[in-house]
Amino acid sequence: MTTFEIPTIETTHELAPEIDRLPGRRAPYFVSSGEGLRYDLDDQLVTVIARPEDTGGQFGAAFVYGGKGASAPFLAHDREHTFLYMFEGQLQLWLPGETQILVPGDSVAVPPGVPYAYRMLAHTNRFLSWTTAGDGHALAAASGTPTQSHVFGGQSSPRRDSELAEQFGVRFVNLDKVDRPPLTGVELPNGVSPFVLKAGEGDRLKSMGQLNTYLTRSRNTESSYFAMHTRGAKAPYIPRHFHRLHTENFFCVEGRILLHVNGRQIMLTKGDFVHAPAGTIHSFAFESNTTQMLGILTTGIFEKFFEYMNTPTQDHVHDELGEMVFPGEGFGRARAELDLEVVGPPPERE
């Protein structure tokens with residue numbers, strides 16, 4: 001059994017965030033777009049931004065970047081849930097029984113053991129690959145060629161080593177890429193099953209000039225994680241706080257986001273990532289109008305926070321409010337019932 005270095009909550013409070021470096025232990029860190037551990041694999045660039053040793057064994061994450069025609073055969077991750085989020089380009093995706101064309105803002109949830117495959121359709125394509133064990137990205141590192149390049153085109157030879165894949169809990173599945181009508185795309189299923197969610201769809205809630213959309217919920221992931229897309233106007237910091245039992249992860253999709261991480265302010269722009277493990281004292285603010293943020297929280301224990309703080313809506317865009325009205329009653333309930341410890345007022349913008 002693999003063991004991971006996990007600092008105490010009190011030690012984590014004091015850790016300065018690593019910048020553009022994977023820490024090798026559970027610690028707060030920032031990775032700017034394009035940075036990470038990079039590998040050429042099947043004419044694609046796989047950039048690993050999180051490994052189990054960086055997250056206390058909670059997940060792994062990588063960006064996959066490639067050109068028109070780059071593809072992956074059907075494969076299944078037997079030990080982990082997989083979540084894909086499109087940042088750029090166009091992707092043809094095959095799931096059992098359906099085919100989908102993905103564009104930026106679309107996402108995919110794939111439970112363990114379910115095969116999927118893809119082909120890139122635009123000249124430049126980039127998507128986030130999130131896995132709950134990090135097996136798939138470890139396989140990419142073992143199969144690929146390390147590179148210092150930030151672009152695809154290394155002309156690496158495709159490798160389909162089944163014995164190597166099995167070491168990482170991954171199977172190549174002998175299925176044909178047959179086009180079938182899409183079956184999912186507009187709502188979250190009630191349980192654990194593979195699905196696509198098209199941009200703008202999902203369970204939506206509004207508050208404080210922001211629109212929050214669940215891309216997955218705990219019921220879809222066996223409570224291993226949930227994913228939230230937030231769209232909003234320029235807004236102030238929220239109170240400084242930390243969590244004891246779960247990790248928050250922030251991706252900038254559009255615009256600019258300020259993250260206050262253990263006393264240090266970090267600016268995020270498109271494609272940037274911050275990992276804030278349990279014990280990290282943090283806050284965030286939107287620094288530009290029509291900012292978009294992807295948040296992935298592990299595990300799923302904090303999901304009700306968004307229901308306490310928001311109101312369900314059928315809208316697809318946020319409101320611009322002259323003055324933010326903080327939902328004090330909902331926030332008080334979250335502090336009483338959920339994994340939330342407030343340590344101070346909102347930080348000042350630097």
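A cavity is a set of grid points where a 1.4 Å probe fits but cannot get out, and its lining residues have an atom within 4 Å of a point. The exercises below concern a predicted model.

**Exercise 1.** Determine which residues lie nearest the centre of the largest cavity, and which elements supply its lining.

*Solution.*
Step 1. The whole structure contains three cavities of 30 Å³ or more, and the largest holds about 440 Å³ of space.
Step 2. Its lining comprises 31 residues, with Q210, I238, F284, F305 and F306 nearest the centre.
Step 3. At least two lining residues come from each of β17, β18, β20, β24, β25 and α5; β25 gives the most, namely four.
Step 4. By character, the lining divides into 20 nonpolar residues, ten polar and one charged.

**Exercise 2.** Place strand β23 in its sheet and state which strands it pairs with.

*Solution.*
Step 1. The open sheet has nine strands in the order β1-β2-β23-β20-β25-β18-β17-β16-β26, with mixed pairing. Its edge strands are β1 and β26, each pairing on one side only.
Step 2. β23 runs antiparallel to β2, joined by three bridges; here V31 has F273 as its bridge partner.
Step 3. β23 is also antiparallel to β20, through four bridges, with F250 partnered by V274.
Step 4. Both faces of β23 are covered: F273 and H275 on one side, and V274 and A276 on the other, are all buried.

**Exercise 3.** Identify which residues of β2 and β23 named above also line the second largest cavity.

*Solution.*
Step 1. This cavity holds about 80 Å³ of space.
Step 2. Its lining includes V31 and F273, the bridge partners from Exercise 2.
Step 3. The lining divides into four nonpolar, five polar and two charged residues.

Methods. Residues numbered from 1 in each chain as written. Predicted model: local features only at pLDDT ≥ 70, side-chain atom pairs only at ≥ 80, totals over all residues. Heavy atoms only, no water. Buried < 20%, exposed > 50% of the residue type's maximum accessible area, 1.4 Å probe, protein only. Pairing = 2+ DSSP bridges. 1 Å grid on protein atoms, 1.4 Å probe; cavity = no way out; pocket = protein on both sides within 12 Å on 5 of 7 lines; lining within 4 Å. Points joined across faces, edges and corners; volume = space filled by probe spheres on them. Nonpolar A, V, L, I, M, F, W, Y, C, P; charged D, E, K, R; others polar.
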